[in-house]
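The exercises below are intended for a reader who meets this structure for the first time. Please attempt each task before reading its solution.

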Amino acid sequence: MKRVEFLFPELCNIYAESYNIEYLSRCSDELEIINTRHNEVPAFVKGEVDMIYLGCLTERKQEKVIEILRPYTDRIKELIEKGTIFLITGNSVEIFGKSIKDGDHVIPALGIFDFTATRYMDVERHNSQYVGTFTDSEGEQILMLGHRSQFSFAYGDFDSTKFIDIEIGIGMNPDTKAEGIYVNNFFGTYSLGPYFIMNPLFAKYILRKLGVDDTLIFEKEAIEAYEYRRDELRRNLG
Amino acid sequence: MIRFYIALWASKLLYAINKMRGDERDDRPGLLAFKICPDFLARVAKPKLVITVTGTNGKTTTSTLLYNQLTDAGYKVSFNDWGANLHAGYCLNLLRGVTIFNKPRMDASLLEADENTLGHTMGMIEPNYILVTNICKDSLRRNGHPEYIFDRIEKAFEKLGSKTTAILNANDPISRLLAENTGTPRIFFGMNDAHTNPFENRVNDLGVCPVCGGDVKYNYRHYRHIGDYYCPDCDFKTPESKYYATDVDLEGRSIAIKEQDGSVNTYPLISETIYNAFNVLSMVTVAREVGIAPKTISKFLETQIVTKIRETCIKYNGIEYHTYGTKSQNVSAASTVFEYMAKEPSVKEVVFCLDEVQDRNHPSETLTWIYETDYEFLKSPNIKKIICAGHMYLNHKLRLLLAGIPEDKIFCVEEDERVPEFVDTEGIDKVYVLFEIDYVVKGGMWRDNIVKRAMELNGDDPSKLDSFDYFDNASNGSSNVKEVR
């Protein structure tokens, strides 16, 4: 069995992020899902896991989760280096940067990657979609779709660590086409909600990475919906 | 001051022109007033009574009931009942309530207010009361998340302090914490167990105890996170209510409300749903605070029905064809409607008319809400078919399949006009067209086309079908049910 840890579902499920894990688990009966609550020691600290998922949070809970994870920063670095799969969606990607600025208040983050984030809580929430290409370390390419709805942006040099080359939409901030973080098997993106549903080809990719059969539940319907969205986004926003 | 009067006169002139054109609901006069004079809301004279109604769900129904009640009790009321619940709508509401010399000419102003705008506007308006119906999960594009909305509303109380009174839902563990530290007087309304046996939602709006981060428990829930709660790890619990519904009979459509002096009065409900029971409870709370007698309120409520903007019905050949407001991207509202579809016992077919107006510019954005909303509730034997149309049809289909709905019950097409061909004309009691609230007319049109096809198949003349004026307020006594014979 492959072990998949969903960190803090009671805090990190504000836009149906739990569906990422539910979908994976329904695609393969070779996955053991570990739901870790915020007042428990994460499974990745106590032992080995094959994949860690952390989803989007409210701003106050984002700060709480930084404090929960801070003692485990070295362990997280170690797991990233040894190739454990991380899927980090929404503003939880900011947790792995250096800091988050909110007005005059600066919140130190885990400092694993070299970027900072800034919140703009009094400005209208940014909403957009993206279409872009993920190229993995072996040259495999997947066309990715994303949906962002956020109060903050990230700043830094993302060229060597980007997850997706954006074709339509924005990257980590409105001035870059570099979206997300991709280091070894760490995948971070600002996109919200059920990312595997939005990107069934990426769901298959992750299942293969986990070493299990990559057949999706309702695969035909999932890919049809994905292709329709892809064409619609290109038609309307391209 | 000169700028204010220019704004007042220019916007009043534009309003008069619009009125002559029969376009009173156009809020451009309000926008003009704001553009000319950014602090128009602070300078315009207010009537003696200003009430703001806000919150995620129930604003429109509650404020419409309140408007009808105040009018019935003899008040002359200005009310933004046309859905303009943003800055321009407030300006128009208030400018209608003054003379050209900025003297109040109304007894009251009732503001249905979007939660997002409160912090910027209420400090200028200084309403006597701010009713917050609840804070639930809403459209993420507009409203982010409940914690963000809480902060936006709280800003209004921080600015107003003791200048206003907060009327809050004791059963909502999120909004009940509003105005706790702002010096604002707070009045709670709450409800005893109505035995609704609510389903569990996929997404929990509360998450953890907002005070200590512990796991909140419930003695009972009404729906979603609304109920009688407590935290075992701290003293966070349902506060005591000044207006407490001791006995709620949803089927019999009555609610008994106990007041602080121990008196209990019974009022009619406008429908058999728990959320409308809360709408009536919150409306009664405000009306009682304003000084309207229980008997007057009770008598008035006997005349009230759910507004046509939310629900209408055409009966034909033994089948009821309903339009039912659903607010698609408002996750909490959509899930609550799906739960109602499952629990309402009739054999029915459900039609999704749920694309959002703003999605024309944001295609595919609705994917997130589809997975937050409890499609699993639709896996009910009394739901015979689910029919979806519009550009999200493939997403709805996938979600319904993942929710465990049998494939032979799902009918999804891209073209709207094909919907009627999938709706049965016999073997069912009801058809519900669940429509996104921005598409009141479109939802009505879909339903009418379904009825027309049934009439054609039955050899009747479909041109006989006379539909509704959906913006006709329920207070005039006209029914939201029609029968085609």
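Four exercises with worked solutions follow.

**Exercise 1. Confidence**

State what the mean pLDDT of chain B is and which ipTM and pTM scores the model has.

*Solution.* The structure is a predicted model. Step one concerns chain B, whose mean pLDDT is 90, with 94% of its residues at 70 or more. Step two concerns the model, which scores ipTM 0.95 and pTM 0.90. As a caution, coordinates predicted with low pLDDT should not be read in detail.

**Exercise 2. The side of chain B that touches chain A**

Determine how many residues of each chain take part in the contact, and which helices of chain B supply at least two residues to it.

*Solution.* Begin with the count: 29 residues of chain A are in contact with 24 residues of chain B. Next, assign the side of chain B to its elements: helix H7 (140-143), helix H12 (367-372) and helix H13 (393-402) of chain B each supply at least two residues. The largest share, 6 residues, comes from H13(B). Finally, sort this side of chain B by class, which gives 10 nonpolar, 8 polar and 6 charged residues.

**Exercise 3. The two domains of chain B**

Describe how chain B is divided and what each domain brings to the contact between them.

*Solution.* First, locate the bounds: domain 1 of chain B covers 2-301, and domain 2 of chain B covers 311-484. The centres of these two domains, taken over C-alpha atoms, are separated by 28 Å. Domain 1 of chain B brings 21 residues to the contact, and domain 2 of chain B brings 16 residues. On the side of domain 1, helix H4 (59-72) and H7 of chain B each supply at least two residues. By class, that side of domain 1 has 7 nonpolar, 7 polar and 7 charged residues.

**Exercise 4. Two residues with positive phi**

For Ala179(B), and then for His195(B), decide: buried or exposed?

*Solution.* As background, most residues other than glycine have a negative phi.

- Ala179(B) has a positive phi, near 60°. This residue is found in the loop between strand S5 (165-169) and strand S6 (186-191) of chain B. Ala179(B) has 24 other C-beta atoms within 10 Å; the cut-off for buried is 20 or more, so Ala179(B) is buried.
- His195(B) also has a positive phi, near 55°. This residue is found in the loop between S6 and strand S7 (217-223) of chain B. His195(B) has 10 other C-beta atoms within 10 Å; the cut-off for exposed is 12 or fewer, so His195(B) is exposed.

Technical notes. Residues are numbered from 1 along each chain as its sequence is written. Chains are lettered from A and ligands numbered from 1 in the order in which they are written. This is a predicted model: local features need pLDDT of at least 70, side-chain atom pairs count only at pLDDT 80 or more; totals for chains, interfaces and linings use all residues. Two residues are in contact if their C-beta atoms, placed from the backbone, lie within 7 Å. Helices (H or I, at least four residues) and strands (E, at least two) are DSSP runs, numbered from the N terminus. Ala, Val, Leu, Ile, Met, Phe, Trp, Tyr, Cys and Pro count as nonpolar, Asp, Glu, Lys and Arg as charged, and the others, Gly among them, as polar. Domain bounds come from an automatic or database domain assignment. pLDDT is the predictor's confidence in each residue, from 0 to 100.
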